[in-house]
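Visitor: Could you take me on a close look at one part of this protein? I'm in my first year, so please explain the terms as you go.

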Amino acid sequence: MSQSPAAEAARRRTFAIISHPDAGKTTLTETLLLSGGAIRAAGQVRARGENRRTRSDWMKIERERGISVSASVMTFDHDGMMFNLLDTPGHEDFSEDTYRTLTAADAAVMVLDAAKGIEPQTLKLFEVCRLRDIPIVTFINKMDREAQDPLELLDEIASKLALDPAPLFWPAGSGGRFKGMLDLRSRQFLPFERSATEREQSGHPPAVPADGAAIDAYLSPGERDELLESTELVLGASPAFDPQSFLEGHMTPVFFGSALRRFGVEQLLDGLGAYAPPPRPVAAVRSGTETHVAPGDAEVSGFVFKVQANMDPNHRDRIAFLRLCSGRFQRGMKLKVQNTGRQLSVNAPIMFFASDRELAEEGFAGDVIGIPNHGVLRVGDSLSESGALRFAGLPNFAPEILQRVRVKDPLKAKHLRRALEGLAEEGVTQLFRPQIGSDFIVGAVGQLQFEVMADRLASEYQLEVVFETSPYAEARWVSGTDADLEAFSAAYRTAMAEDIDSQPVFLSKSGWETGYVAERYPALSFARTRERG
Ligand code: GDP
């Protein structure tokens with residue numbers, strides 16, 4: 001029996017993992033799910049992923065490059081809490097998708113490789129979290145390997161991220177000499193058992209008091225003195241953990257462990273439950289008036305942060321991922337799409353439990369449900385019972401590369417248009433239709449997006465395409481009064497295009513030209529991004 005929407009929301013933690021490739025995100029995900037009791041055997045995350053990959057052709061890229069192209073959501077429970085883990089693709093070219101996924105997260109776990117510290121991709125993702133005020137929990141992974149001095153790792157967090165690290169645990173050694181860690185608050189020592197590799201977490205011996213004789217079973221007198229000394233040092237050097245400062249994004253609690261050997265992960269999960277924020281009120285506009293939607297509000301509402309096509313190759317489905325913001329969602333419910341006025345009966349919503357996709361009967365703020373649809377729902381859409389709510393839209397990122405796309409078989413031009421629109425609706429790439437001519441201009445943040453696109457056009461739509469350089473360097477969304485817009489369009493007809501929502505876009509040949517027109521037409525605004533809805 002579920003409780004009130006407010007109480008259900010309060011026990012939810014919706015988070016993402018950010019890391020540089022190879023730091024251990026996949027391994028940690030797997031171990032978290034195991035700790036959460038959501039899956040039975042180790043290796044299932046990867047195995048399931050591979051299984052899916054082999055069934056779906058377009059994931060070839062994912063296999064070949066060893067990167068994860070699609071973000072997924074997984075739900076598991078632990079200790080009375082419901083965790084929704086949003087998986088963020090790690091490759092830098094997928095920044096757009098990753099950024100959007102982070103708009104649906106309330107907290108992030110930053111995984112660092114203990115030997116490498118902060119790497120370029122960690123830094124980039126961290127900056128997005130900071131932009132969105134997402135509090136960050138740090139997990140220093142691979143302690144079972146030779147690591148950097150933990151004090152230096154803390155220094156690096158402080159200097160590179162301008163974030164106060166507050167360790168909640170402190171490790172005893174690393175690599176072959178890794179013996180466990182001290183819980184700085186309870187002063188319990190958690191011994192690490194190397195041979196526990198393939199066992200459950202409980203394969204590690206139970207905690208013992210750090211200040212009694214029991215610790216001698218795990219540490220030599222020299223190791224114990226070293227641990228206690230370095231503990232003194234770190235407690236003297238770092239601020240005490242302040243939950244409020246963490247929520248405000250100034251401080252990060254630091255955990256240590258080994259995702260591979262399932263050590264320290266249970267503690268991380270407990271920390272998320274205790275300190276990470278539950279869903280918070282979200283800024284929105286209701287019938288023209290600014291407001292906040294609270295998780296406990298009666299009206300069901302949410303926003304679409306991701307659309308994915310063909311997750312199940314047997315069905316040509318498209319799934320919109322809806323992050324719920326309020327109310328008690330129930331299967332069969334009717335929701336309205338804010339910017340189209342369309343009504344949608346959500347009869348087969350999907351929740352992503354770790355083991356499988358299941359039909360969701362109920363959902364609350366913080367939950368993510370997948371809504372199968374045929375292109376009605378787009379990234380940035382706001383859904384609610386009244387249809388009167390609009391959440392601050394998700395930005396479209398300014399494309400940095402604009403290319404012309406042509407289909408090799410000219411008879412398939414119409415087909416191409418539909419395919420391009422489909423991919424643009426998913427947010428894979430952006431699509432611009434110039435007012436003159438029959439070309440399509442495709443915009444992306446990174447080169448890899450074009451490869452993904454070509455691959456998907458071939459495998460899902462049987463279209464062989466070529467990309468050609470376009471004369472354009474930048475795209476700007478133009479807005480202003482109708483008269484001003486008309487005058488501008490008339491003067492720059494050959495450079496005007498429409499985006500997928502028929503919004504006017506100026507395709508500029510250079511940064512200089514963009515500056516020039518902006519100066520000549522001061523009444524118009526030339527925006528780098530456009531918020532949908
Ligand atoms: P991702 O790219 O961040 O998803 O990283 P993976 O989870 O795929 O891990 C990259 C590599 O590091 C794999 O070979 C893992 O087995 C290994 N790895 C992950 N966590 C640990 C750990 O705690 N200890 C050790 N020794 N290896 C780990």
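Guide: Let's start with one helix and its surroundings, then step out to the strands.

A word on the ground rules first. This is a predicted model, so local features need pLDDT of at least 70, side-chain atom pairs count only at pLDDT 80 or more, and totals for chains, interfaces and linings use all residues. Residues are numbered from 1 along each chain as its sequence is written.

Our part is helix 2, residues 25-35. Helices (H or I, at least four residues) and strands (E, at least two) are DSSP runs, numbered from the N terminus. The axis of helix 2 comes within 10 Å of the axis of helix 10 (residues 265-275), and the two cross at roughly 75°. Those axes are lines fitted to C-alpha atoms, for helices over the stretch in contact, and angles run from 0 to 180 degrees between N-to-C directions. That crossing makes helix 2 roughly perpendicular to helix 10 (angles under 35 degrees count as roughly parallel, over 145 as roughly antiparallel, 65 to 115 as roughly perpendicular and the rest as oblique).

Who does the touching? Helix 2 brings Leu28, Thr31, Leu32 and Ser35, while helix 10 brings Val265, Glu266 and Leu269. Being in contact here asks for C-beta atoms, placed from the backbone, within 7 Å. Sort the residues of this contact and you get 4 nonpolar, 2 polar and 1 charged. For that sorting, Ala, Val, Leu, Ile, Met, Phe, Trp, Tyr, Cys and Pro count as nonpolar, Asp, Glu, Lys and Arg as charged, and the others, Gly among them, as polar.

Helix 2 also gives the most to the shell around the ligand, with 3 residues. In all, 15 residues surround the ligand, and the closest are Gly24, Lys25, Thr26, Thr27 and Leu260 (near means a C-beta atom, placed from the backbone, within 6 Å). The shell divides into 4 nonpolar, 6 polar and 5 charged residues.

Now for the strands. Three of them form an open antiparallel sheet in the order 13-12-24, where strands pair if DSSP finds at least two bridges between them. Strand 13 (289-293) and strand 24 (389-391) are the edges, each pairing on one side only. From one strand to the next, the twist averages 40°. Strand 12 (residues 282-286) is joined to strand 13 by 5 bridges, and Val285 has Glu290 of strand 13 as its bridge partner.

Notes
Two residues are in contact if their C-beta atoms, placed from the backbone, lie within 7 Å.
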